[in-house]
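Here's a quick tour of one protein chain, written for someone just getting used to looking at structures. Have a look at the picture first, then go through the points below.

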Amino acid sequence: MLNWLKEQTELYELNRSLRLTSAAFAKERAAGKAAGLPGYELAQIEYEEHLETALYYDEIEWIKTKRLIRTAVRYSVPIPTRAEGEDWEQSRHLGHWLLTPVGATKLRREVAVEVDIRQKPWLNWLAVAISAASLVVALFALGSA
């Protein structure tokens with residue numbers, strides 16, 4: 001629970017920093033265009049923005065990958081190996097291994113199937129228990145009337 005709260009706080013701070021950084025670079029680009037900067041200087045501003053925001057994106061994806069792997073381990077779902085090229089990629093900026101969107105989708109689907117398999121029997125018995133409880137309440141209501 002505390003890990004989740006810590007990660008949510010980190011994600012909020014990273015997304016906030018990402019928005020502020022992007023806004024600052026947008027102002028810088030607009031000022032450059034208004035000042036009539038040549039194209040190569042505007043491209044330099046965009047390149048600097050890309051470098052700076054890429055760190056935030058990588059950190060956000062790293063947190064999401066850790067969270068998904070932790071959930072998969074909790075439900076005993078096999079995690080794809082890094083040898084499978086379409087499921088993993090290495091971050092160029094931080095060096096972490098991140099799940100690609102394809103790999104994350106596969107793993108999320110497998111986790112959802114496992115959760116469904118584990119919860120289905122309990123949900124069926126819960127429906128039976130609720131039906132039995134409502135029958136008892138109905139019988140008491142008829143008996144007191």
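**The big picture**

The chain has three helices and two strands. Following the sequence, you meet them in the order α-α-β-β-α. Keep in mind that you're looking at a predicted model.

**Overall shape and surface**

- The radius of gyration of the chain is 25 Å, while a compact globule of 145 residues would come in near 15 Å.
- If you draw a box around the C-alpha atoms along the principal axes, you get roughly 90 × 45 × 25 Å.
- Just 23% of the 145 residues count as buried.
- The chain's accessible surface is about 10,500 Å², and carbon and sulfur atoms account for 62% of that.
- Take the contacts between residues at least 6 apart in sequence: 60% of them link residues at least 24 apart.
- There are 18 positive and 19 negative charges, and the mean positions of the two sets lie 6 Å apart.

**Helix H1**

- H1 covers residues 2–35.
- How far apart are the end C-alpha atoms of H1? They are 49 Å apart, which agrees with the 50 Å that 34 residues should span at 1.5 Å a residue.
- Its buried residues are Glu7, Leu11, Leu14, Leu18, Thr21, Phe25, Arg29 and Gly32.
- Wondering about that spacing? An α-helix has 3.6 residues a turn, so residues three or four places apart point the same way.
- H2 is part of what covers the buried residues of H1.
- Right after H1 comes Gly36, with a positive phi of about 80 degrees.

**Helix H2**

- H2 takes in residues 39–74, which makes 36 residues.
- From first C-alpha to last, H2 reaches 52 Å, close to the 52 Å expected at 1.5 Å a residue.
- Buried residues in H2 include Leu42, Ile45, Glu49, Thr53, Ile60, Ile63 and Leu68.
- What do the buried residues of H2 pack against? Their partners are helix H1, strand S1 (88–90), strand S2 (97–99) and helix H3 (101–144).

**Ser76, just past H2**

- Ser76 sits in the loop between H2 and S1.
- Is Ser76 buried or exposed? It counts as exposed because its relative accessibility is 58%, and the cut-off for exposed is over 50%.
- Phi of Ser76 is near 60 degrees, which is a positive value in a residue that isn't glycine.
- That's worth a second look, because most residues other than glycine have a negative phi.

**Two residues in helix H3**

- Glu114 belongs to helix H3.
- With a relative accessible area of 22%, Glu114 is partly exposed, since buried would mean under 20%.
- Leaving out residues up to four places away in sequence, Glu114 touches Tyr75 and Val77.
- Glu114 and Ala72 are 42 residues apart in sequence, yet their C-alpha atoms are 9.2 Å apart in space.
- Ala72 is one of the buried residues of H2.
- Asn124 is in helix H3 too.
- Asn124 counts as partly exposed because its relative accessibility is 49%, and exposed would mean over 50%.
- Asn124 and Val77 are 47 residues apart along the chain, and 23 Å separates their C-alpha atoms.

Technical notes:
Residues are numbered from 1 along each chain as its sequence is written. This is a predicted model: local features need pLDDT of at least 70, side-chain atom pairs count only at pLDDT 80 or more; totals for chains, interfaces and linings use all residues. Side-chain values use heavy atoms; hydrogens and water are left out. Helices (H or I, at least four residues) and strands (E, at least two) are DSSP runs, numbered from the N terminus. The radius of gyration is taken over C-alpha atoms; the globule rule is 2.2 Å times the number of residues to the power 0.38. Buried means under 20% relative accessible area, exposed over 50%, partly exposed in between (1.4 Å probe, protein chains only). Contact means heavy atoms within 4.5 Å. Accessible areas come from the Shrake-Rupley method with a 1.4 Å probe; for residues, only the protein chains shown count as cover. Lys and Arg count as positive and Asp and Glu as negative; His and the chain ends are not counted. The place of a charge is taken as NZ of Lys, CZ of Arg, CG of Asp or CD of Glu. The expected span of a helix is 1.5 Å times one less than its number of residues.
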